[in-house]
Amino acid sequence: MGIELKEITQKYGNLMAVNHVNLSIEDGEMIALLGPSGCGKTTLLKTIAGLLPLYQGTILLNHTDISEWAPQARNAAMVFQNYALFPHMTVEENIAYGLKIKKVDKRRRKEKVEEILCKVKLQDYNDRKISELSGGQQQRVALARALVIEPAILLFDEPLSNLDENLRISMRQEIRKIQQEYGITSIYVTHDQEEAMSIADRIVVMKEGIIQQIGSPSEVYLKPKNRFVAEFMGIANIVELSQVERINDNIQARIFGSSIKIHWPDSQWNAVNNIHIMFRPEDVEIRDDGQFEGRVKWLETIGSVKKITLENTGNTIIAEKRNYHKSGFNFAIGDRMRFMIDMSEVYVIEN
Amino acid sequence: MKIKSSALLKTIYVMISITILYFALLPILSVFYYGITSRSELRFSIQILQRVWSHMKNSLQVAVVVTILSTSFGLLASITLWRVKFLGRKLMRLFVLIPLINPAFVGSIAFIMLFGKRGLITHTLLGFEVSPFGFHGIVTMQSIGLATLAYLIISSAIKKTDTSYEEAARSLGASEGRIFRTITLPLMLPEITVAAMLVFLSSMSDFGTPIIIGGNFQTLASDLYLQITGLYNMKTASISGMFLFIPCFIAFFIQRHYSGKKLVYSHSILGEGIEYIRINRIVKFLLIGLTGIFVFFVVIQFAFIVIGAFTERWGYDYTFTLRYLKSILSKETAPFINSVKLAVVVSMISSLLGVLLAYIIKSKRYPITKQIDLLATLPAAVPGILFGIGYLVTFKYPLFGIGKFIFSDTQPIILLGTGIIIYIICIYRYLYIGLKSGYALMEHMNPNLEMAAINLGASERRVFFDIVFPMLKPAFNVAFLKNFTSTMTTLGAIIFLILPKNKVAVQQIFQVMTSSEVGAAAMMALMLSLLSLTLLGVFQFVFNHKEIFERLREGWQWVSSLRKSPKNTEI
């Protein structure tokens, strides 16, 4: 079922936790709400679930206004950050709890629990106590408990933040598979940009209660609207242009003491000052015949990649050299290095 | 489809709050009302004040010395029993708790047996005819009993302190002594203050010990008792009572100030915490030695109660006898049954109300929760005997005078003189136990649990009964056990309110002791301790029976699996 949020605003005292948020989510879509802690993403999620009373705005579920509905009536099942499994109930009792409230009869309940336990790969765990489960297993029970009531929407509140790295990666794949299989419209709150990109159809980047950008994972990564999104989605090299000139659909300017030309057809951009460009480390190539030159400030080896911090005329950028061991990489800190920037990947941003 | 807040919880909150006003605040105010409005002559008032002042001086002297001694021994024992490794530590941890199941004054039995007129040491060994009753006796007996209280609080702090701070200091090169002085001690300071204040309060309100072994040295609390039982002088008692309140309230508010501050610096609670491995030998022996002396006193106290219970006539005839036991079992069981009845009913109701109130105060945003919390905790600061006097002067009127108008043509309901009043006073006196244990649990409760249930469609009523109620059960259990031991050993609050037909064991023991029948008192005290212990065991079993049965079942399955496949045993 589709969801539409119109002008949602939430306040904690004078603080605008969520600031005039507009968002429409299609049926079966998985949306990631991404942002640093305190950006209002969890508040927004709990608002949709009805767990926080709405301050301002409208929530439409399948074109029906549910803004004033009790949380019990919304059929929006939530998977909580620390799972919130009832510690005094067994696995089965936890999962069956929602069904019991819906007055599903006992036999059907049992069937559905079995079915869902199978789905989350926890067969024969029915009578286990919650305290006997590992973090990953608890996570699966929490997912099963939410799924089993066949909710209209699924809400995830940083569900993987308590798990270790490897488990996080496999769990997010499983969550995504199950979500697609059931075709449930889902909202997934996280502060981990990699998790958001791997799991969602679209990402909503938030900062201080305001949506910064909505877009597909590649859009927000490659074409960030602003400096915040660019930096939040990964390492971003942001350089100010000087001597900017617009020639038709192109921008002519100078960086690192060398002139460049960027194809930029956006007609809104006619300011000549304070234009920044953004490019990712993988778009920088170390070549002896490169157009630019920089001084090596810092070197890091991360597995098969050398991360090089370069400096030129007060700008600092980060470059990546893959398979450095095959190509006789022998630079040291303080050396001068020539490099190229892939101008087709360069993106002009608002600062 | 608005979110409806449940009327159920609101009703409970209002009901509990009103009864707290009525049964906790009103009696306390009544004492002041009585004290101030007693229209006595000026000269008489000055006489009273002089009398009050001399007793106040005694009380303060005793309380200050006892507070210093008990807190020091509590701290010493906490460090020794939880930080120093030595043989017999676990046994000592057990012994040190003995005073908890005895009424405060019972330890004095041993004192009389050793130092009394016909005492083993004073008379038989040294041939004295006089006895060292008075200040020193009171201080000794109270210090031993109350050091256990201090130990309980301080050791809980030592168990939960985050050891990483100490490890950090150690890695920075601080010596063990310096770490203790600059890290361990400051982190425990809130608990030490709380312990000291509680010891002070208990010492101020103990009237039994001075009456039994005080001789001419009487305190404010014991003088209160004498004035009411001896002279039935309510007015003088009220005035003395007002003065007894002052130091108690000061202590209470200091304590509240400290325990109100969040005592949460411990993130990880690791079983036994750290132990001092490289400890100075002299320090180690000093610690063990001093704690050993303290534990020795506790054990001696109890041992002499046991010995006294089976001795024909202490000081005159040291032959073994079963006559005290027989006499209790044949005709004196009623007070024990009354005690158990009182303790069970009070623990049930009081713990339930306390825990419920804790939940409501912490999780709902109802008005004046702070004030209600204060009022519910206030009886903890009021000496039991004073609380009892408050009930005495308040509830001799039908419904505090109101009943006169409402029930004009029916029999007026006067609480005083009914059997129910001692239940009510104990419930409200110990309500704070449930409240505190509820708060402690709520600190660790995941607030998302309720949200999760709501999210799955549960109504607020359903959330309460399915989730909150079972979640609060551990807090109820803890409060119940603590409440039970408190009520079983309480005397001050109920001594003026008890009817002959529901006389409790503690009162019986106290009466027998004041008439110096050592053997009978010792036997009764022993029986009461054993009864408390047995019942505590039973309750523990009831609370944890599920787990116990599960263990047994697992064990049985294991045994039968061995039988079925004898090959397995070889592996």
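Here is a friendly chat about a predicted model with chains A and B.

Reader: Hi! Which helices and strands does chain A have, just as counts?
Author: Hello! In this predicted model, chain A has eight helices and 21 strands.

Reader: And how far does the C-alpha trace of chain A span along its principal axes?
Author: The C-alpha trace of chain A spans about 75 × 45 × 35 Å along those axes.

Reader: Okay, what about chain B, how many helices and strands there?
Author: Chain B comes to 24 helices and two strands.

Reader: What share of the residues is buried in each chain?
Author: For chain A, buried residues make up 38% of its 351 residues. For chain B, the buried share is 44% of 571 residues.

Reader: And the contacts in each chain, what part joins residues at least 24 apart?
Author: Counting contacts in chain A between residues at least 6 apart in sequence, 66% join residues at least 24 apart. In chain B, 81% of the contacts with a separation of 6 or more are between residues 24 or more positions apart.

Reader: Let's look at a sheet. What is the strand order in the open sheet of six strands in chain A?
Author: The order is E6-E7-E8-E3-E9-E10 in chain A, and the pairing is mixed.

Reader: Which strands are at the edges?
Author: Those are E6 and strand E10 (210-215) of chain A, each of which pairs on one side only. On average, neighbouring strands of this sheet are turned by 20° against each other, with direction ignored.

Reader: Does anything sit on that sheet, and if so, which helix?
Author: Helix H4 (residues 135-147) of chain A packs on the sheet and touches E6 and E7 of chain A. The direction of H4 makes about 175° with that of E6(A).

Reader: Let's stay with E6. How many bridges join E6(A) to E7(A)?
Author: Four bridges join E6(A) to strand E7 (residues 153-157) of chain A, and the two run parallel. Ala76(A) has Ile153(A) as its bridge partner in E7(A), while Met78(A) stands opposite Leu155(A) in E7(A).

Reader: Where do the side chains go, and are those residues of E6(A) buried or exposed?
Author: From strand E6 (residues 76-79) of chain A, Ala76(A) and Met78(A) point one way, whereas Ala77(A) and Val79(A) point the other way. All of them are buried.

Reader: New topic! How many residues of chain B are in contact with chain A?
Author: There are 18 residues of chain B in contact with 21 residues of chain A.

Reader: Which elements of chain B give two or more residues to that side?
Author: H20 and H21 of chain B do. H20(B) gives the most, with six residues. By class, the side of chain B that touches chain A divides into 11 nonpolar, five polar and two charged residues.

Reader: So how do H20(B) and H21(B) pack, at what angle?
Author: Helix H20 (residues 448-455) and helix H21 (residues 460-489) of chain B pack at an angle of about 155°, with their axes 10 Å apart. Angles over 145 degrees count as roughly antiparallel, so H20(B) is roughly antiparallel to H21(B). The crossing of H20(B) past H21(B) is right-handed.

Reader: Which residues make the contact?
Author: From H20(B), they are Leu449(B), Glu450(B), Ala453(B) and Ile454(B). From H21(B), they are Val463(B), Asp466(B), Ile467(B), Val468(B) and Met471(B).

Reader: And by class?
Author: This contact of H20(B) with H21(B) has seven nonpolar, no polar and two charged residues.

Methods: Residues are numbered from 1 along each chain as its sequence is written. Chains are lettered from A and ligands numbered from 1 in the order in which they are written. This is a predicted model: local features need pLDDT of at least 70, side-chain atom pairs count only at pLDDT 80 or more; totals for chains, interfaces and linings use all residues. Axes are lines fitted to C-alpha atoms, for helices over the stretch in contact, and angles run from 0 to 180 degrees between N-to-C directions. Angles under 35 degrees count as roughly parallel, over 145 as roughly antiparallel, 65 to 115 as roughly perpendicular and the rest as oblique. A crossing is left-handed if the near helix is turned anticlockwise from the far one by less than a right angle, and right-handed if clockwise. Two residues are in contact if their C-beta atoms, placed from the backbone, lie within 7 Å. Ala, Val, Leu, Ile, Met, Phe, Trp, Tyr, Cys and Pro count as nonpolar, Asp, Glu, Lys and Arg as charged, and the others, Gly among them, as polar. A residue is buried if 20 or more other C-beta atoms lie within 10 Å of its own, exposed if 12 or fewer, and partly exposed in between; C-beta atoms are placed from the backbone. Two strands pair if DSSP finds at least two bridges between them.
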